[in-house]
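This report examines the side-chain packing of one protein chain. Please consult the sequence and the structure below while reading.

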Amino acid sequence: MAPEIHLRCGYQAHVADLFALGVIFFILYSGSQPFAQATFDDPHFTLIAQQKIHLFWQAHEADKPVGFFSESFKDLITAMLSHQPFARPALADLVGHPWF
């Protein structure tokens, strides 16, 4: 679930769905979850929320071959998993993203 759902805040369903789609893309591509929950109790999600994106990717690249995650994939997933809903890309932006 998107962080705004965990926080029981008002949310826009299509924006929360883009977050969930980012999680699904990550799982399908890597075979593992990006984090257990989108809460500050989760160390991987906390890295995203605190804008420590390089540490998030560093942690996930530790058990992968060099270059496993392309820069375009990391850019897309980082945007989709943004802690701030307004910072997530629109569906049209996804279709036009270089990773696709």
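Which residue lies over the face of Phe68? Lys64 occupies that position, at 5.2 Å from the ring centre. The model discussed here is predicted.

## Aromatic pairs

A search of the whole structure yields 20 aromatic pairs. In one of them, the ring centres of Phe19 and Phe35 are 6.0 Å apart and the planes stand at 35 degrees, so the pair is tilted. Because Phe19 belongs to helix H2 (residues 13–30) and Phe35 to the loop between H2 and helix H3 (43–49), this pair ties together parts that are 16 residues apart in sequence. Phe19 and Phe35 are both buried.

Phe26 and Phe69 form another aromatic pair, which is stacked, with 5.6 Å from centre to centre and 20 degrees between the planes. Phe26 is a residue of helix H2, whereas Phe69 lies in the loop between helix H4 (53–61) and helix H5 (71–80); the pair therefore ties together parts that are 43 residues apart in sequence. Phe26 is buried, as is Phe69.

## The aromatic cluster and Phe100

One aromatic cluster is formed by Phe25, Phe26, Tyr29, Phe56, Trp57, Phe68, Phe69, Phe73, Trp99 and Phe100. Both members of the stacked pair, Phe26 and Phe69, thus appear in this cluster, and so does Phe68, the ring over which Lys64 lies.

Is Phe100, a member of this cluster, buried or exposed? Phe100 is exposed, since its relative accessible area is 54%, and the cut-off for that class is over 50%. Phe100 is found in the segment after helix H6 (91–95). Apart from neighbours within four places in sequence, Phe100 is in contact with Phe25, Leu76, Leu94 and Val95. Leu76 is 24 residues from Phe100 along the chain, and the C-alpha atoms of the two are separated by 9.4 Å.

## Helix H2

At 1.5 Å a residue, the 18 residues of H2 should span 26 Å; the end C-alpha atoms are 26 Å apart, so the two values agree. Just after H2, Gly31 adopts a positive phi of about 85 degrees.

The buried residues in H2 are Val15, Ala16, Leu18, Phe19, Gly22, Val23, Phe25, Phe26 and Ser30. Against which helices do the buried residues of H2 pack? Their partners are helix H1 (3–6), H3, H4, H5 and H6.

## The largest nonpolar core

The largest nonpolar core has 23 residues, of which Phe19, Phe26, Phe35, Phe56, Trp57, Ile77 and Leu81 touch the most other members. At least two residues of this core come from each of H2, H3, H4 and H5. The largest share, six residues, is supplied by H2.

Phe35 illustrates the packing in this core. Not counting residues up to four places away in sequence, Phe35 touches Phe19, Val23, Asp42, His44, Phe45, Ile48, Phe56 and Leu81.

## The surroundings of His83

His83 is located in the loop between H5 and H6. His83 is classed as buried because its relative accessible area is 16%, and the cut-off is under 20%.

The side chain of His83 makes a polar contact of 3.3 Å with the side chain of Gln84. Residues up to four places away in sequence aside, His83 touches Pro3, Phe40, Phe45, Ile48, Ala49 and Arg88. Phe45 and Ile48 are also among the residues that Phe35 touches.

Conventions
Residues numbered from 1 in each chain as written. Predicted model: local features only at pLDDT ≥ 70, side-chain atom pairs only at ≥ 80, totals over all residues. Heavy atoms only, no water. Phe/Tyr/Trp six-rings, centres within 6.5 Å; stacked < 30°, edge-to-face > 60°. Helix = DSSP H or I, 4+ residues; strand = E, 2+ residues; numbered from the N terminus. Buried < 20%, exposed > 50% of the residue type's maximum accessible area, 1.4 Å probe, protein only. Lys NZ or Arg CZ within 6 Å of the ring centre and 35° of its normal. Contact = heavy atoms within 4.5 Å. Expected span 1.5 Å × (residues − 1). Core = buried A, V, L, I, M, F, W, Y, C linked by side-chain atoms within 4.5 Å. Polar contact = N/O pair within 3.5 Å; in protein donor to acceptor, adjacent residues only side chain to side chain.
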